[in-house]
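The following paragraphs go through a structure by way of its charged pairs and its nonpolar core. Please keep the sequence at hand while reading.

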Amino acid sequence: MSNERELIDAARQGSVTAFTGLVHAYRSRLLRFLLTRCPTYADAEDALQDTFLNAFRYLSSYDPRWRFSTWLYRIAVRNALKLHRPHEPLDEEPVDPGGDPLQLCIAASERENLWLTARRVLADDVCMALWLRYVEDMSVNDVAAVLDRSVSWTKVNLMRARQTLDEALDHEASHSGSKLYGHI
């Protein structure tokens with residue numbers, strides 16, 4: 001039973017084995033996504049567990065007209081929001097690592113990390129839309145469904161997010177003395 005539709009149908013009939021197959025198919029992708037939404041790894045794991053528990057509990061309400069992944073990510077978003085705690089603001093000025101090679105490497109890595117920059121300069125829902133579109137490779141329609149937004153909101157905010165992120169990365173590159181990023 002390797003076909004996702006067959007696994008879903010069997011799980012809806014009560015097959016724990018089939019549902020376990022769905023968990024294995026989505027676990028790592030959902031955890032990676034939740035790690036971007038939750039303040040700690042433990043919180044992301046809790047949200048992941050809650051997502052699968054809710055999916056199992058409400059599997060009968062799944063509408064096969066939608067992609068299963070869209071339905072599952074929507075549950076994950078809701079669970080991440082329940083666990084969401086405000087993050088400490090990132091310092092605008094880089095901390096002087098004092099010449100320590102490890103600290104220099106960490107500081108450079110943080111400056112170069114596209115997703116850290118995205119989290120800093122974009123609103124949470126816009127950053128989430130960007131992640132779902134470009135990391136999870138979801139269609140614009142699926143991103144809109146997961147975030148419970150209109151397709152037009154999703155398109156406009158994805159375009160604005162790319163522009164904002166491009167400007168932020170250009171600004172960081174100009175302050176570091178080299179162009180580290182290509183245009184998005």
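In this predicted model, aspartate 125 and arginine 149 form a salt bridge through their side chains, with an N to O distance of 2.5 Å. Aspartate 125 belongs to helix α7 and arginine 149 to the loop between α8 and α9, so the bridge ties together parts that are 24 residues apart in sequence. How accessible are the two partners? Aspartate 125 has a relative accessible area of 24% and is therefore partly exposed. Arginine 149, at 36% relative accessibility, is partly exposed as well.

Helix α7 holds a further charged residue, aspartate 124, in a pair that links distant parts of the chain. Its partner in the salt bridge is arginine 37, and the closest N and O atoms are 3.8 Å apart. Arginine 37 sits in the loop between α2 and α3, 87 residues from aspartate 124. Here the two ends fall into separate classes: aspartate 124 is partly exposed at 35% relative accessibility, whereas arginine 37 is buried at 6%. The cut-off that decides this is 20% relative accessible area, because buried means a value under it.

A third pair starts from the loop between α7 and α8, where glutamate 136 is placed. The side chain of glutamate 136 forms a salt bridge with that of arginine 29, at 3.4 Å from N to O. Arginine 29 lies in helix α2, so this pair ties together parts that are 107 residues apart in sequence. The contact between the two side chains, at 3.4 Å, also counts as a polar contact. Glutamate 136 is buried, because its relative accessible area is 6%, while arginine 29 is partly exposed at 27%.

What else surrounds this buried carboxylate? Arg29, Arg32 and Glu136 are linked in a network of salt bridges. Leaving aside neighbours within four places in sequence, glutamate 136 is in contact with Arg29, Arg32, Phe33, Tyr73 and Trp131. The list thus includes aromatic residues, among them Phe33. In general, side chains of opposite charge can pair when their charged atoms come close. The whole structure contains seven salt bridges by this search, including the glutamate 136 to arginine 29 pair.

Phe33 leads on to the nonpolar part of the model. The largest nonpolar core has 48 residues, and those with the most contacts inside it are Phe33, Phe68, Leu132 and Leu147. Which elements give two or more residues to this core? They are α1 (4-12), α2 (16-35), α3 (41-57), α4 (68-83), α7 (124-134), α8 (140-147) and α9 (151-176). Helix α2 gives the most, with nine residues. As a general matter, nonpolar side chains in soluble globular proteins tend to be buried together.

Leucine 132 can serve as an example of the surroundings of a core residue. Not counting residues up to four places away in sequence, leucine 132 touches Phe33, Tyr73, Asp137, Met138, Val143, Val146 and Leu147. Phe33 and Tyr73 appear here, and they are also among the contacts of glutamate 136.

Finally, what does the search say about disulfides? It finds zero of them in the whole structure. Two cysteines can be placed by accessibility: cysteine 38 is buried at 3%, and cysteine 127 is buried with a relative accessible area of 4%.

Note on methods
Residues are numbered from 1 along each chain as its sequence is written. This is a predicted model: local features need pLDDT of at least 70, side-chain atom pairs count only at pLDDT 80 or more; totals for chains, interfaces and linings use all residues. Side-chain values use heavy atoms; hydrogens and water are left out. A disulfide is a pair of cysteine sulfur atoms within 2.5 Å. Buried means under 20% relative accessible area, exposed over 50%, partly exposed in between (1.4 Å probe, protein chains only). A nonpolar core is a set of buried Ala, Val, Leu, Ile, Met, Phe, Trp, Tyr and Cys residues joined through side-chain atoms within 4.5 Å. Helices (H or I, at least four residues) and strands (E, at least two) are DSSP runs, numbered from the N terminus. Contact means heavy atoms within 4.5 Å. A salt bridge is a side-chain nitrogen of Lys or Arg within 4 Å of a carboxyl oxygen of Asp or Glu. A polar contact is a pair of N or O atoms within 3.5 Å; within protein, one must be able to donate a hydrogen and the other to accept it, and residues adjacent in sequence count only if both atoms are side-chain atoms.
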